Amino acid sequence: MTKHSYQKPSQQTQEEALKIARGIQRPAQTKEQTKLIAQGIQKGIDLYKKQQKEKARDLNRKLKKISSQKAQSIESDDYEIQIVYRQHWLPWSLLFLTWLGAGIYFLVQIQ
């Protein structure tokens, strides 16, 4: 079952709808007809506001979902970064020994 709770339109919405209805009023139109047109415009404004609120809620949900996914990916990236920076000592020592050997070789060649 769905609940239909109809809220009375705000005073601002009523005034805006009446202003629009008077703006499009025909010369032979009665006050009752203008009032009915204003009510229709009110319903349209209320429906528009309701749709915009729903879109905003959906957007907020999506943003929260994306931000939580980014937070989780950042946490997993931190773990990967820690693994990347844990390097073994052997390659660096071999590189150092190679440079040392090349330096000694060039010093011997110069003398």
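**Figure 1. The buried residues of helix H1 in the predicted model.** In this predicted model, the residues of H1 that count as buried are Thr 13, Ala 17 and Ala 21. These residues lie on the same side of H1, because the arc they cover around the axis is only 65°. The other side of the helix holds Gln 11, Gln 12, Lys 19, Arg 22 and Gly 23, which are exposed. The helix itself comprises the 13 residues from 11 to 23, and at 1.5 Å a residue these should span 18 Å, which agrees with the 18 Å that separates its end C-alpha atoms.

**Figure 2. Gln 42 and the residues around it.** Gln 42 belongs to helix H2, which covers residues 31-84. Is Gln 42 buried or exposed? Its relative accessible area is 13%, and since buried means under 20%, Gln 42 is counted as buried. When neighbours within four places in sequence are left aside, the residues in contact with Gln 42 are Pro 9, Thr 13, Gln 14 and Ala 17. Two of these contacts, Thr 13 and Ala 17, also appear among the buried residues of H1.

**Figure 3. Gln 14, a partly exposed residue of helix H1.** Gln 14 has its place in helix H1, and with a relative accessibility of 22% it counts as partly exposed. If residues up to four places away in sequence are not counted, Gln 14 touches Lys 8, Pro 9 and Gln 42. The view also takes in Ile 45, which is 31 residues from Gln 14 in sequence, while the C-alpha atoms of Gln 14 and Ile 45 are 9.5 Å apart in space.

**Figure 4. The salt bridge between Arg 61 and Asp 58.** How many salt bridges does a search of the whole structure find? The search finds one, and it is formed by Arg 61 with Asp 58, whose closest N and O atoms are 2.9 Å apart. As a general point, side chains of opposite charge can pair when their charged atoms come close. Both Arg 61 and Asp 58 lie in helix H2, where three residues, or about one turn of the helix, separate them. Arg 61 counts as exposed, at 53% relative accessibility, whereas Asp 58 is partly exposed, with a relative accessible area of 31%.

**Figure 5. Helix H3 and a nonpolar patch on the surface.** Helix H3 covers residues 89-110, and Leu 97 is one of the residues that lie in it. The 22 residues of H3 should span 32 Å at 1.5 Å a residue, and this agrees with its end C-alpha atoms, which are 32 Å apart. How many of the 22 residues of H3 are buried? The count is zero, so that this helix is hardly covered. Leu 97 also takes part in a nonpolar patch on the surface, together with Trp 89, Leu 90, Leu 94, Phe 96, Leu 100, Ile 104 and Val 108. Taken together, the residues of the patch have about 840 Å² of accessible area.

**Figure 6. The protein as a setting for the close-up views.** The protein contains three helices and zero strands, and its elements follow the order α-α-α from the N terminus on. Of its 111 residues, 9% are buried. The area that the protein exposes is about 10,900 Å², and carbon and sulfur atoms supply 60% of that area.

Technical notes:
Residues numbered from 1 in each chain as written. Predicted model: local features only at pLDDT ≥ 70, side-chain atom pairs only at ≥ 80, totals over all residues. Heavy atoms only, no water. Helix = DSSP H or I, 4+ residues; strand = E, 2+ residues; numbered from the N terminus. Expected span 1.5 Å × (residues − 1). Buried < 20%, exposed > 50% of the residue type's maximum accessible area, 1.4 Å probe, protein only. Arc of directions from axis to C-beta. Contact = heavy atoms within 4.5 Å. Areas by Shrake-Rupley, 256 points an atom, 1.4 Å probe, with all protein chains shown as cover. Patch = residues over 30% accessible without salt bridge, like charges linked within 9 Å, V, L, I, M, F, W, Y side chains within 5 Å. Salt bridge = Lys/Arg side-chain N within 4 Å of Asp/Glu carboxyl O.
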